[in-house]
Amino acid sequence: MKIGVLALQGAVVEHVRMLEEAGATAVSVKKVEELDDLDGLVIPGGESTTISKLMHKYGFIEAIREFGEAKKPIFGTCAGAILLANRINGQDDFHLGLMDIKVERNAFGRQKDSFEVEMPVAGVAADYPAVFIRAPYVMEVGENGQVLAKYEEKIVVARDGHYLAAAFHPELTDDIRLHKYFLDMVKEYHS
Ligand SMILES: NC(=O)CC[C@H](N)C(=O)O
């Protein structure tokens, strides 16, 4: 199982380390050609507008759309979830538009810009430590969407077939259970 972590900006090495701990071969991806032999992709947190600009500049928008349309699993965390979404509240456009979710950016208020909380994530853990940093949330999932976790009534982990989105930063803890869940998704779609 070979998983790439999009390495244009954000918490890349942490994802690589956790994917390896969870049992995969993980590489950072800086060029579109590097997507070719991957079974799955992680799009990390950072600043979605910055990552999007770099994705356009280096040809990743088209390349990742093809990757997703070939049913290869993609896991977007924080800004990565915004990049995957096909609807962004208050905006007419989207970035990749692959995952059927509507997201709102910077959704947890100023005083709560960053915080950590333990929460149940369905199919993953009863006590997952979630680190939120200027996090978005998922306002709606599409008809095939699954809600895996909510915090304060807001959806913070969602799945849509082979796409997984988390509003928080699973790479900033030592808990590899969400990365393991993603690897199971990759196995499921691997043929
Ligand atoms: N930690 C993050 O990835 C923050 C996301 C950022 N606020 C955005 O809108 O892109």
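## Classes of residue around the ligand

Ala, Val, Leu, Ile, Met, Phe, Trp, Tyr, Cys and Pro count here as nonpolar, Asp, Glu, Lys and Arg as charged, and the others, Gly among them, as polar. On that basis the shell around the ligand holds four nonpolar, four polar and three charged residues. The model is a predicted one.

The residues that surround the ligand are G45, G46, E47, S48, C78, A79, I82, R105, N106, I133 and R134. Several of them return below, under the annotated sites.

## The chain as a whole

The chain contains five helices and twelve strands. Its radius of gyration is 15 Å, close to the 16 Å that the globule rule gives for 191 residues, so the chain is as compact as a globular protein of that length. Measured out along the principal axes, the C-alpha trace spans about 40 × 35 × 30 Å.

Of the 191 residues in the chain, 45% are buried. Among contacts between residues at least 6 apart in sequence, 66% join residues at least 24 apart.

## Annotated binding site

An unreviewed UniProt entry lists G46, E47, S48, R105, I133 and R134 under "binding site". These residues are spread over 89 residues of sequence, but they cluster in space, with a largest C-alpha distance of 12.8 Å.

E47 and S48 follow one another in this list, and their surroundings can be described in turn. E47 is in the loop between β3 (40-43) and α2 (48-57). E47 counts as partly exposed because it has 14 C-beta neighbours inside 10 Å. Setting aside residues up to four places away in sequence, E47 touches Q9 and A79.

S48 belongs to helix α2. With 26 C-beta neighbours inside 10 Å, S48 counts as buried. Beyond its neighbours within four places in sequence, the contacts of S48 are A79, I82, L83 and H95. Of the residues named here, A79 and I82 also belong to the surroundings of the ligand.

## Annotated active site

For "active site", the unreviewed UniProt entry gives C78, H169 and E171. The three span 94 residues in sequence, yet no two of their C-alpha atoms are more than 10.7 Å apart, so they gather at one spot.

C78 is placed in the loop between β4 (74-77) and α4 (79-84). C78 is buried, since 29 other C-beta atoms lie within 10 Å. Apart from neighbours within four places in sequence, C78 is in contact with G45, I133, A135, P136, A167, F168 and H169. One of these contacts, H169, is itself in the "active site" annotation from UniProt, and another, I133, is in the "binding site" annotation. C78 is also among the residues that surround the ligand.

E171 sits in the loop between β12 (163-166) and α5 (177-189). E171 is buried, having 27 other C-beta atoms within 10 Å. Its contacts, leaving aside neighbours within four places in sequence, are A11, E14, H15, M18, P44 and T77.

## Helix α3

Helix α3 covers residues 60-69, and F60, I64, F67 and G68 in it are buried. These four cover an arc of only 95° around the axis, which puts them on the same side of α3. On the other side of α3, E62, E66 and E69 are exposed.

The elements that cover the buried residues of α3 include β3, α2 and β4. Just after α3, K71 takes a positive phi of about 65°.

## P129 in strand β8

P129 is part of strand β8, residues 125-133. P129 is partly exposed, as 16 other C-beta atoms lie within 10 Å.

With neighbours within four places in sequence left out, P129 is in contact with E116, E118, T173 and D175. P129 and D175 are 46 residues apart in sequence, and the C-alpha to C-alpha separation between them in space is 7.4 Å.

How values were computed
Residues are numbered from 1 along each chain as its sequence is written. This is a predicted model: local features need pLDDT of at least 70, side-chain atom pairs count only at pLDDT 80 or more; totals for chains, interfaces and linings use all residues. UniProt positions are given in the numbering used here, feature names are shortened, and annotations may be inferred rather than shown by experiment. Helices (H or I, at least four residues) and strands (E, at least two) are DSSP runs, numbered from the N terminus. A residue is buried if 20 or more other C-beta atoms lie within 10 Å of its own, exposed if 12 or fewer, and partly exposed in between; C-beta atoms are placed from the backbone. Two residues are in contact if their C-beta atoms, placed from the backbone, lie within 7 Å. The arc is that of the directions from the helix axis to the C-beta atoms. A residue is near a molecule or strand if its C-beta atom, placed from the backbone, lies within 6 Å of it. The radius of gyration is taken over C-alpha atoms; the globule rule is 2.2 Å times the number of residues to the power 0.38.
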